[in-house]
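Please consider the following protein structure with attention to its aromatic side chains. The explanation below leads from one ring to the next.

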Amino acid sequence: MTKSGLAKVALWVAVVVVVFLMPQLLSGNQYWLTVLCLLAINTLMVSSLRSVTLINEISLGQVGFAVIAAYTHATLMMKVGISFWPSLLISGLFSALVALLLAYPFLKVKGIYFSILTLLTAETFRLVAYYWTSITGGSLGLTGVPGPGKQNIPFVGEVDFDRPNNYYYIAVGVVLVALLILYYAERAYISFQWRAIKDDNTLAGAIGINVIGYKMVNFVLAAFMAGISGALFASFQHNLSPDTTSRFSVTMSIYLLVYMVVGGKNYFIGPLVGTTVLTLLAENTRSMQQYQPMITGAIAILVMIFMPM
């Protein structure tokens, strides 16, 4: 391995070590650990959105797959009695299944039509949750969503993962594994097909690439990751709300897009950079809360003008 390669590995190892030491570095500060948990969950959401850009599409429906998984996760734990880890995986897979059923008709359209279609679908899923009172609690929301609870960890003992300083490790750990999967998928053989489709959809089909098939794989994988983030959020917050001010609203879809643009959609680390910068900015300008959307919008405009990605 070259010196530059070793330097990159050392840098990433250092970053991972610092990330896992954050509860100690913050002296168990519950507020900032809560912020960091949400930051990790949002990073996975933005990464799932960026993944779709590899086939030259922009999905505004990632929150829709998150809401499906969030309520599935809550239902499986609260009413079926399935424990946290199996429920987390099943919820992500259920979002992927819904994406698979929608993928073919959705991916027959392109560009702005695809974006609008995914946005309207996400809003439809939110409205279903809003009006399906018997399952989701409707406008009153769903409370008491269980977390991972107390678990015995070898050499550590019993740990209550419902506390933010402990749930942080679950959120960060799951997100890191998910990001590694996306990273290797982006560098695997299938990514060459995605990039060919992105460069020229028609030419890719002309040389024998199954355009719709590879697009469907990408779309389903992104939905799975969005679903995992939604399930993580459900167990972290312990409550879910489908109203227009929740994280499953159209506004959240726009924010996810802004996070990606600010971080740079052409870079794998872009979602982490954009989400971190804008989350920390929002937390440090709470006294100007009414102006935060304008500040975020101004930053996105400046990035697009001076650092087009």
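**Aromatic rings in the model**

Tyr-184 has a relative accessible area of 55%, so this residue is exposed. The model in which this value was computed is a predicted one. Tyr-183, by contrast, has a relative accessibility of 30% and counts as partly exposed. The rings of Tyr-183 and Tyr-184 form an edge-to-face aromatic pair, with 5.5 Å from centre to centre and 90° between the planes.

A pair of aromatic rings is described by the distance of the centres and the angle of the planes. The structure holds 15 aromatic pairs. Another of them joins Phe-106 and Phe-219, whose centres are 6.4 Å apart and whose planes enclose 50°, an arrangement classed as tilted. Phe-106 belongs to helix α4 (residues 84-106), while Phe-219 belongs to helix α10 (residues 211-237); the pair therefore ties together parts that lie 113 residues apart in sequence.

Are these two phenylalanines, Phe-106 and Phe-219, buried or exposed? Phe-106 has a relative accessibility of 8% and counts as buried, because the cut-off for that class is under 20%. Phe-219 is likewise buried, with a relative accessible area of 1%. Both residues also take part in one aromatic cluster, which is formed by Phe-65, Phe-106, Phe-114, Phe-125 and Phe-219.

A ring may also be met by a charge. Over the ring of Phe-233 sits the charged end of Arg-247, at 4.2 Å from the ring centre.

Notes: Residues are numbered from 1 along each chain as its sequence is written. This is a predicted model: local features need pLDDT of at least 70, side-chain atom pairs count only at pLDDT 80 or more; totals for chains, interfaces and linings use all residues. Side-chain values use heavy atoms; hydrogens and water are left out. Rings of Phe, Tyr and Trp (its six-membered ring) pair if their centres lie within 6.5 Å; planes under 30 degrees apart count as stacked, over 60 as edge-to-face and the rest as tilted. Helices (H or I, at least four residues) and strands (E, at least two) are DSSP runs, numbered from the N terminus. Buried means under 20% relative accessible area, exposed over 50%, partly exposed in between (1.4 Å probe, protein chains only). A charge sits over a ring if NZ of Lys or CZ of Arg is within 6 Å of the ring centre and within 35 degrees of the ring normal.
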